[in-house]
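Please open the model in a viewer and keep the selection tool at hand. The tour below proceeds stop by stop, naming what to select and what is found there.

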Amino acid sequence: MRGAAEQQETVTAIAQGDRNEARIAPGLVLVFGRGSRPDREAVTAALAHHPRAAISHDPATAAHPPHTVARQNPHMADDDWLELILDGLTFDLLGLRPGPAIATPEIEYLFNCEIDDRLWGEAIGLYPGPHIAAGAHSLPVVRTLLGLGAALTQALGGIGAVCWPPARSAVAPKFFAKTVEAWLAGGPFPALGMLGMRFDEQGGLLSEGLGFFVGAELAIAPELCADRTQATRLAVRIVQQLVGYEDLTEGRELVTEAGDVLRLEPDPVNGLVRVACA
């Protein structure tokens, strides 16, 4: 069902103000207040006390870069980015000052934060390096990406929101770091932030962004969504079971806390996992 996941890849414009020239880049976007975007020195200081993260390449000081960063805007310099490494995986941090910011992404879902269009600032982006880009959907890469993003979020000042373009979501920095660190420590997947959820015209719940992780979105039948708060909790519970599960080709049953039996049925034609009463 990876075809559906490919459709979930987000086209992220690299150059601020130039949204027509873009690349597929499933990464994190950190949005700062205007004028507070970090430079390379701020990032160096932010990672100084991290036990496992480091700058593996700085094009401003090294003569031979490990790879070429895709440039859609010819006015962007070759040294306004850094390559960071965490647990053996490398990621490109783009949009550093004094170069131009990257484009802020389209946002539909807000988690513990607000967006004021008048103050919606400028952004930097953290993306898997070229040698791991093909595995950007895999949990080891995602976990490392989010862990590095959480470390930067905690260490850098001025962040207004952490955005996850595959779900069109924006998350409050503290909430993002807290839920990601809990997941990395063995806790639940941070569904509230990494996924969007909405109710359709029939009253059913649909996810947005789950396809990035498992190749299909979640669709909970309207009869299970009379209480929208409970429906959202049910969706979060189901997501915990689906993320990291390798085989979504077979249906299965789920018993709720109230003892109700639900049926999870793959719908590969529509790229969904449908949930209804058994």
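In which helix does leucine 148 lie? Select Leu148 in this predicted model: the residue belongs to helix α3.

**Stop 1: leucine 148**

Leu148 has a relative accessible area of 0% and is therefore buried. Next, display the residues around Leu148. Apart from neighbours within four places in sequence, Leu148 is in contact with Leu47, Ala53, Leu84, Leu86, Phe91 and Leu126. Phe91 deserves a separate selection: Leu148 and Phe91 stand 57 residues apart in sequence, while their C-alpha atoms are 9.0 Å apart in space.

**Stop 2: the whole chain**

Zoom out to the full chain. The protein chain contains seven helices and 16 strands. Of its 278 residues, 53% are buried. Among contacts with a separation of 6 or more, 63% join residues that are 24 or more positions apart. Colouring the surface by element is also informative, as the chain exposes about 12900 Å², and carbon and sulfur atoms supply 50% of that area.

**Stop 3: the nonpolar cores**

Which residues have the most contacts inside the largest nonpolar core? Select Phe213, Leu218 and Ile220, which hold that position in a core of 64 residues. Helix α3 (residues 139-155) supplies the largest share of this core, with seven residues. A second, separate core has twelve residues, among them Trp81, Leu94, Ala123 and Tyr127. As general background, nonpolar side chains in soluble globular proteins tend to be buried together.

Return to Leu218 and show its surroundings. Not counting residues up to four places away in sequence, Leu218 touches Leu205, Leu206, Ser207, Leu210, Ala235, Ile238, Val239, Leu242, Val273 and Val275. Keep Leu242 and Val273 selected for the next stop, since both are on the list of residues lining the largest cavity.

**Stop 4: the cavity**

The structure holds one cavity of 30 Å³ or more. About 40 Å³ of space lies in the largest cavity. To see its wall, add Leu248, Glu250, Arg252, Leu264, Glu265 and Pro266 to Leu242 and Val273. How many residues of this lining are charged? Three are charged, five are nonpolar and none is polar. Strand β15 (residues 261-267) gives the most to the lining, with three residues.

**Stop 5: the pocket**

Now select Gln230, Arg233, Leu234, Thr256 and Glu257. Of the 13 residues that line the largest pocket, these five lie nearest its centre. The space in this pocket is about 370 Å³. Helix α7 (residues 228-242) contributes the largest share of the lining, five residues. The lining divides into six nonpolar, two polar and five charged residues.

Centre the view on Thr256. Thr256 is placed in the loop between β14 (252-255) and β15. Is Thr256 buried or exposed? Its relative accessible area is 16%, and buried means under 20%, so Thr256 counts as buried. Beyond its neighbours within four places in sequence, Thr256 is in contact with Leu234, Arg237 and Leu262. Of these partners, Leu234 is also one of the residues nearest the centre of the pocket.

**Stop 6: backbone features in loops**

The last selections concern the backbone. Most residues other than glycine have a negative phi, and most peptide bonds are trans.

Select Arg97 and Pro98 together. A cis peptide bond joins these two residues, with omega about 10 degrees. Pro98 lies in the loop between β6 (89-94) and β7 (109-111).

Move on to Asn112, in the loop between β7 and β8 (122-128). Its phi is positive, near 60 degrees, in a residue other than glycine. Asn112 has 60% relative accessibility and therefore counts as exposed.

Finish at Arg168, in the loop between β9 (159-164) and β10 (169-171). Arg168 likewise is not a glycine, and its phi is positive at about 50 degrees. Why does Arg168 count as partly exposed? Its relative accessibility is 22%, and the partly exposed class lies between the buried limit of under 20% and the exposed limit of over 50%.

Notes. Residues numbered from 1 in each chain as written. Predicted model: local features only at pLDDT ≥ 70, side-chain atom pairs only at ≥ 80, totals over all residues. Heavy atoms only, no water. 1 Å grid on protein atoms, 1.4 Å probe; cavity = no way out; pocket = protein on both sides within 12 Å on 5 of 7 lines; lining within 4 Å. Points joined across faces, edges and corners; volume = space filled by probe spheres on them. Helix = DSSP H or I, 4+ residues; strand = E, 2+ residues; numbered from the N terminus. Nonpolar A, V, L, I, M, F, W, Y, C, P; charged D, E, K, R; others polar. Buried < 20%, exposed > 50% of the residue type's maximum accessible area, 1.4 Å probe, protein only. Contact = heavy atoms within 4.5 Å. Areas by Shrake-Rupley, 256 points an atom, 1.4 Å probe, with all protein chains shown as cover. Core = buried A, V, L, I, M, F, W, Y, C linked by side-chain atoms within 4.5 Å.
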